[in-house]
Amino acid sequence: MRLYSLSVLYRAEQRAVLLKAAYDVSSFGFFQRPSVQEFMTFTSQLIVERSAKGSRASVKEQEYLCHVYVRNDSLSGVVIADSEYPSRVAFTLLEKVLDEFSKQVDRSEWPNGCPASIDYTALDGYLSTYQNPREADPMSKVQAELDETKIILLPLAHEQLLFTSGALRDVDVLCPGAQKCSPGVRFSRPVLCRCWWEMLSPSKNLPSSPGRSLGPVASAHGMQCGEGPGLPVATRP
């Protein structure tokens with residue numbers, strides 16, 4: 001994912017005035033960069049002109065996604081990024097930039113301003129920082145950490161399903177056909193869910209199997225089958 005431009009504009013009655021902009025066209029060829037930057041400036045102005053006050057929108061333009069935010073006071077911002085960049089982070093950036101810009105630059109300069117006359121230098125820093133949404137945006141960082149935790153915990157949850165409430169239901173007993181499968185398949189989500197269903201079914205009367213091997217998962221936990229009617233119960237040695 002990548003950000004290409006970040007612009008602040010003023011939406012006048014007839015046209016959009018570019019006040020300040022920052023660009024990252026390093027991924028383009030050297031001779032393409034001037035035309036690409038000009039295209040992004042033109043696109044930003046055009047989108048602001050066609051947007052109503054107090055609106056936010058994401059517009060697809062060729063392979064780019066343009067995020068625009070026009071405030072009620074006509075101060076506007078545009079982020080041009082690729083399609084993978086999170087829209088929520090883009091609008092968070094626009095809101096932050098416009099709020100800061102309105103505090104640092106007097107409102108009387110907006111209608112007739114230009115990049116050379118406006119004293120605001122934070123855009124380049126924001127464009128660089130927000131190239132990585134995970135580091136720049138706290139919510140994106142938390143979401144990424146949750147996703148990583150989910151990846152780690154999911155396999156453990158599959159295995160732990162058979163040990164709930166201190167009882168172990170042998171996969172080989174509940175699903176005899178699973179013996180022909182590899183350990184990775186035997187302890188996959190579909191097999192474990194079927195075992196759990198069979199265990200809860202009152203019509204299922206499976207014989208006990210004293211001394212029966214519980215397979216690699218049970219062995220790893222040091223469990224053995226106890227005796228008695230019904231399904232084998234896991235007990236600690």
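Helices and strands, as I will use the words this morning, are DSSP runs numbered from the N terminus, with at least four residues for a helix and at least two for a strand. Counted in that way, the protein on the screen has nine helices and seven strands, and I should say at once that what we are looking at is a predicted model.

Let me begin with the chain as a whole. There are 237 residues in the protein, and buried residues make up 42% of them. If we take the contacts with a separation of 6 or more, residues 24 or more positions apart account for 55% of those contacts. As for the surface, the protein exposes about 13500 Å², and carbon and sulfur atoms supply 54% of that area.

Now to the interior. The largest nonpolar core has 28 residues, and the ones with the most contacts inside this core are L6, L19 and F101. Several elements contribute to the core, since at least two residues each are supplied by β1 (3-11), β2 (16-23), β5 (75-82), α2 (87-104) and α3 (123-129). Which of the elements gives the largest share of this core? That is α2, from which eight residues come.

L19 deserves a moment of its own. Setting aside residues up to four places away in sequence, L19 touches V8, L9 and Y10, then L75 and F101, and further along the chain W110, G113, C114, P115 and I118. Apart from the largest core lies another one, of 16 residues, and among them are Y4, V36, V48 and V68.

V68 brings me to the pocket, as this residue is one of those that line the largest pocket. The volume of that pocket is about 190 Å³. The rest of the lining, if you want to pick out the residues on the screen, is F39, F42, T43, L46, I47, R50, S51, S55, A57, V59 and E61. Both α1 (33-49) and β3 (55-61) supply at least two residues of the lining, and the largest share, five residues, comes from α1.

Within that lining I would like to stop at F39, which lies in helix α1. Is F39 buried, partly exposed or exposed? Its relative accessibility is 25%, and because the partly exposed class runs between 20% and 50%, F39 counts as partly exposed. Leaving aside neighbours within four places in sequence, F39 is in contact with E61, Q62 and Y64.

Q62, in turn, is found in the loop between β3 and β4. The phi angle of Q62 is near 60°, which is a positive value in a residue other than glycine. At 52% relative accessibility, Q62 counts as exposed, because the cut-off for that class is over 50%.

Finally, S74, whose place is in the loop between β4 (64-70) and β5. S74 also has a positive phi, near 80°, and is likewise a residue other than glycine. Why does S74 count as buried? Its relative accessibility is 3%, and buried means under 20%, so S74 falls in that class. The side chain of S74 makes a polar contact, at 3.3 Å, with the side chain of K53. Once neighbours within four places in sequence are left aside, S74 is in contact with L9, Y10 and R11 as well as with K53.

Methods. Residues are numbered from 1 along each chain as its sequence is written. This is a predicted model: local features need pLDDT of at least 70, side-chain atom pairs count only at pLDDT 80 or more; totals for chains, interfaces and linings use all residues. Side-chain values use heavy atoms; hydrogens and water are left out. A nonpolar core is a set of buried Ala, Val, Leu, Ile, Met, Phe, Trp, Tyr and Cys residues joined through side-chain atoms within 4.5 Å. Buried means under 20% relative accessible area, exposed over 50%, partly exposed in between (1.4 Å probe, protein chains only). Contact means heavy atoms within 4.5 Å. A polar contact is a pair of N or O atoms within 3.5 Å; within protein, one must be able to donate a hydrogen and the other to accept it, and residues adjacent in sequence count only if both atoms are side-chain atoms. Accessible areas come from the Shrake-Rupley method with a 1.4 Å probe; for residues, only the protein chains shown count as cover. On a 1 Å grid over the protein atoms alone, a cavity is a set of points where a 1.4 Å probe fits but cannot get out, and a pocket is an open set with protein on both sides within 12 Å along at least five of seven lines; lining residues have an atom within 4 Å of a point. Grid points are joined across faces, edges and corners, and a volume is the space filled by probe spheres set on the points.
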